Amino acid sequence: MRRRELIEGALLGGALAGSGIQAFGQSARTPGNQAQFTCQGEIVVERAVPGKPHTGKVLAAIQPHADDVPLFAGGTVAKLIQEGYTGYLIRTTNDEMTGLGTRGEGVLHNEQDNEAVARALGLKKTYDLSYRNHRLDAISPQDLRGRLIFLFRLLQVDTVICYDHWGLYEENPDHYVTAAAVESACWMAGMDKDYPEHFEAGLKPHGVKEKYYFARGPQIANRIVDISSVIDQKVEAIRANVTQGPGGGNGAQLRARLQARGLRLADLGSDDETASRNYIKRFVLDYDSLYQRGVPSDREIGARYGLEWAERFHYIRPAESRLEAYISRHAVAL
Ligand SMILES: [Zn+2]
């Protein structure tokens, strides 16, 4: 057993059972038909749902950098939008440290890419908080949290997708600082004593109910989302990151390098556009898993659950009230 499988097994296979009943989800079963549990409850497989069951709900996809959501959660964002959510893309940094040319050019080009990511995923609007890239651990946590609370109240956000604050071995401060601010802003936005001046401007307390947290390292994952029906949309969102990430012509470049050596990979097709798409599908999301730092690729995650492509998350939603359930079962009329 490879090291990463051991880690995954330890994190995914915690012994404590919990209630695994989730809306739009289905419990994962082992070949022996035993439910799998984590310390956060049963692992749930969330499949595509017909129709628009999420109509009226609001999703915020929150990323430090233009390429984070496309790589780790692009399929789930596309799926939830397809199922009726209205979605927004919030980017916390200006991405100035990436891309060719100067930092200033990096800011502009990533801003353009980020808009293209939003279009590819069907998101309605982007919000750029524009903190400096690689320096998010130097800003005031309260400033970032306050801006997120404002947006959660303004947009009436029901569900967030972001990095997992509790994912292991994350080395990028932009990632873990954003994740920590999101986690705290989700519940503080629902209280009436944090930033009360918002209410004078017409906003109301509004807490975030559901959270999908992704990680690029070991993680307590309790939700597997089937993204097979939207995989091509995920590929287009990744391709939108021309300035950084594998959207920037890696497939075409590999094809050219091989041609110079008198070689050809059938996977890359016969033109640059096909090479770009197929490179992402075949190598970024499957065989090579470039950006996933030793965690399974979308193809590998899917294969474990009998799916073609899947993303994994630590998913949180409010616990159902056992008191209310008890009252409905036992209370009698006066
Ligand atoms: Zn990033």
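**Exercise 1.** Describe how helix α7 (residues 231–239) and helix α9 (residues 272–287) pack, in this predicted model.

*Solution.* Begin with the axes, which are lines fitted to C-alpha atoms over the stretch in contact, with angles running from 0 to 180 degrees between N-to-C directions: those of α7 and α9 meet at an angle of about 105 degrees and lie 10 Å apart. Because 65 to 115 degrees counts as roughly perpendicular, α7 is roughly perpendicular to α9. Next, find the contact, meaning heavy atoms within 4.5 Å; among its residues are Ile231 and Val235 of α7 and Ile280 and Leu285 of α9. Finally, sort the contact residues, which comprise five nonpolar, one polar and seven charged, where Ala, Val, Leu, Ile, Met, Phe, Trp, Tyr, Cys and Pro count as nonpolar, Asp, Glu, Lys and Arg as charged, and the others, Gly among them, as polar.

Residues are numbered from 1 along each chain as its sequence is written. Local features need pLDDT of at least 70 and side-chain atom pairs 80 or more, totals for chains, interfaces and linings use all residues, and side-chain values use heavy atoms, without hydrogens and water.

**Exercise 2.** Identify the protein donors of the zinc ion and explain why their arrangement is irregular.

*Solution.* Donors are N, O and S atoms within 2.8 Å of the metal (3.2 Å for Na, K and Ca), and sites may look incomplete since water is not among the atoms. Here they come from His65 (ND1), Asp68 (OD, listed twice) and His175 (NE2), at 2.1 to 2.8 Å from the zinc ion. Asp68 in helix α2 and His175 in helix α5 are 107 residues apart. The four donor atoms subtend angles of 51 to 133 degrees, which makes the arrangement irregular, because four tetrahedral donors need all angles between 85 and 135 degrees, and four square planar ones need opposite donors over 155 degrees apart and all others between 65 and 115.

Key:
Tetrahedral: all angles 85-135°; square planar, octahedral: opposite > 155°, others 65-115°. Helix = DSSP H or I, 4+ residues; strand = E, 2+ residues; numbered from the N terminus. Parallel < 35°, antiparallel > 145°, perpendicular 65-115°, else oblique.
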